Amino acid sequence: MSDPIADYLTRIRNALKARHRIVEVPSSNLKKEITKILYEKGYILNYKFEDGTSQPKIKIALKYDPETKEPVIKCLKRISKPSLRIYVNKDKIPRVLNGLGIAIISTSQGVMTDKEARVKGIGGEVICYVY
């Protein structure tokens with residue numbers, strides 16, 4: 001697999017389209033940080049890291065609107081790819097849907113949202129957009 005982050009996002013996207021409640025993805029430190037951000041911002045219901053097995057996994061409980069049964073996540077879009085890395089400085093941090101969505105950015109101080117990076121005044125690699 002050449003791009004594990006794209007695979008992670010695709011597994012979540014496919015599970016949402018199939019209306020699954022839980023999706024399992026292979027674990028890595030970057031994926032754990034992205035999962036924590038998705039949980040903190042209310043895009044997923046819950047998550048669990050299973051590190052005890054030979055192949056560590058992340059179990060993610062997906063979130064749906066209780067009335068319309070539509071997924072909370074409308075779009076998961078990979079921005080920076082292994083073939084073309086997208087880096088931004090603190091002045092060029094993207095705004096997703098005029099602030100309604102989030103951009104997940106990998107910085108020197110860890111993985112964070114676009115709003116947190118703007119407050120801290122640091123740039124980094126734009127991993128993905130979520131809205």
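Let's start with Ile60, and with what surrounds it in this predicted model. Setting aside neighbours within four places in sequence, Ile60 is in contact with Tyr8, Ile12, Arg21, Ile22, Val23, Val25, Thr35, Ile44, Asn46 and Tyr47. Please keep Tyr8, Ile12 and Thr35 from that list in mind, as they come back when we get to the helices.

So where does Ile60 belong? Ile60 is one of the residues with the most contacts inside the largest nonpolar core, alongside Ile12, Leu38, Ile104 and Val130. That core has 25 residues. Which elements supply at least two residues each? On the helical side there are α1, residues 4-17, and α2, residues 29-40. On the strand side there are β1 at 22-26, β3 at 57-62, β6 at 102-107 and β8 at 124-130. Among the contributors, α1 gives the most, with six residues. As general background, nonpolar side chains in soluble globular proteins tend to be buried together.

There is also another core, lying apart from the one I just described. This other core has eight residues, and Ile79, Val88, Met112 and Ala117 are among them.

Now, back to Thr35, one of the contacts of Ile60. Thr35 is found in helix α2. Is Thr35 buried or exposed? Thr35 is buried, because its relative accessible area is 0%, and the cut-off for buried is under 20%. Beyond its close sequence neighbours, Thr35 is in contact with Tyr8, Ile44, Tyr47, Ile58 and Ile60. If you have the structure open, Tyr8, Ile44 and Tyr47 are worth clicking on, since they appear in the contacts of Ile60 and in those of Thr35.

That brings us to the two helices. Packed helix pairs are generally described by the angle between the axes and the distance between the axes. Here, the axes of α1 and α2 come within 10 Å and cross at roughly 40°. The two helices are therefore oblique to each other, and their crossing is right-handed. Which residues make the contact? From α1 we have Pro4, Ile5, Tyr8 and Ile12, and from α2 we have Leu30, Lys31, Ile34, Thr35 and Leu38. Sorted by class, that contact has seven nonpolar residues, one polar and one charged.

Let me stay with α1 for a moment, and look at Thr10, which has its place in that helix. Thr10 counts as partly exposed, because its relative accessibility is 30%. A distance to go with that: Thr10 and Ile79 are 69 residues apart in sequence, and their C-alpha atoms are 13 Å apart in space.

Another threonine to compare is Thr113, in strand β7, residues 110-113. Thr113 counts as buried, at 1% relative accessibility. Leaving out neighbours within four places in sequence, its contacts are Ile37, Lys41, Ile102 and Ala103.

Next, the loops, where the backbone gives us a couple of things to look at. Lys69 has a phi near 60°, which is positive in a residue other than glycine. Where does Lys69 sit? Lys69 lies in the loop between β3 and β4, with β4 covering 76-78. At 52% relative accessibility, Lys69 counts as exposed.

Leu97 also has a positive phi, of about 50°, although Leu97 is not a glycine. Leu97 is found in the loop between β5, residues 87-88, and β6. With 46% relative accessibility, Leu97 counts as partly exposed.

Leu100 is likewise in the loop between β5 and β6. Leu100 counts as exposed, at 71% relative accessibility.

Last on my list is Gly121, found in the loop between α3, residues 114-120, and β8. Gly121 is partly exposed, with a relative accessible area of 33%. How far apart are Gly121 and Leu100? They are 21 residues apart in sequence and 20 Å apart in space, C-alpha to C-alpha. Gly121 and Val72, on the other hand, are 49 residues apart in sequence and 29 Å apart by the C-alpha distance.

To take you back to where we began: Ile60 and Ile12 are in contact, and both are among the residues with the most contacts inside the largest nonpolar core. Thanks, everyone, and I'm happy to go through any of this on the screen.

Methods
Residues numbered from 1 in each chain as written. Predicted model: local features only at pLDDT ≥ 70, side-chain atom pairs only at ≥ 80, totals over all residues. Heavy atoms only, no water. Core = buried A, V, L, I, M, F, W, Y, C linked by side-chain atoms within 4.5 Å. Buried < 20%, exposed > 50% of the residue type's maximum accessible area, 1.4 Å probe, protein only. Helix = DSSP H or I, 4+ residues; strand = E, 2+ residues; numbered from the N terminus. Contact = heavy atoms within 4.5 Å. Axes fitted to C-alpha atoms, helices over the stretch in contact; angles between N-to-C directions. Parallel < 35°, antiparallel > 145°, perpendicular 65-115°, else oblique. Left-handed = near helix turned anticlockwise from the far one by under 90°. Nonpolar A, V, L, I, M, F, W, Y, C, P; charged D, E, K, R; others polar.
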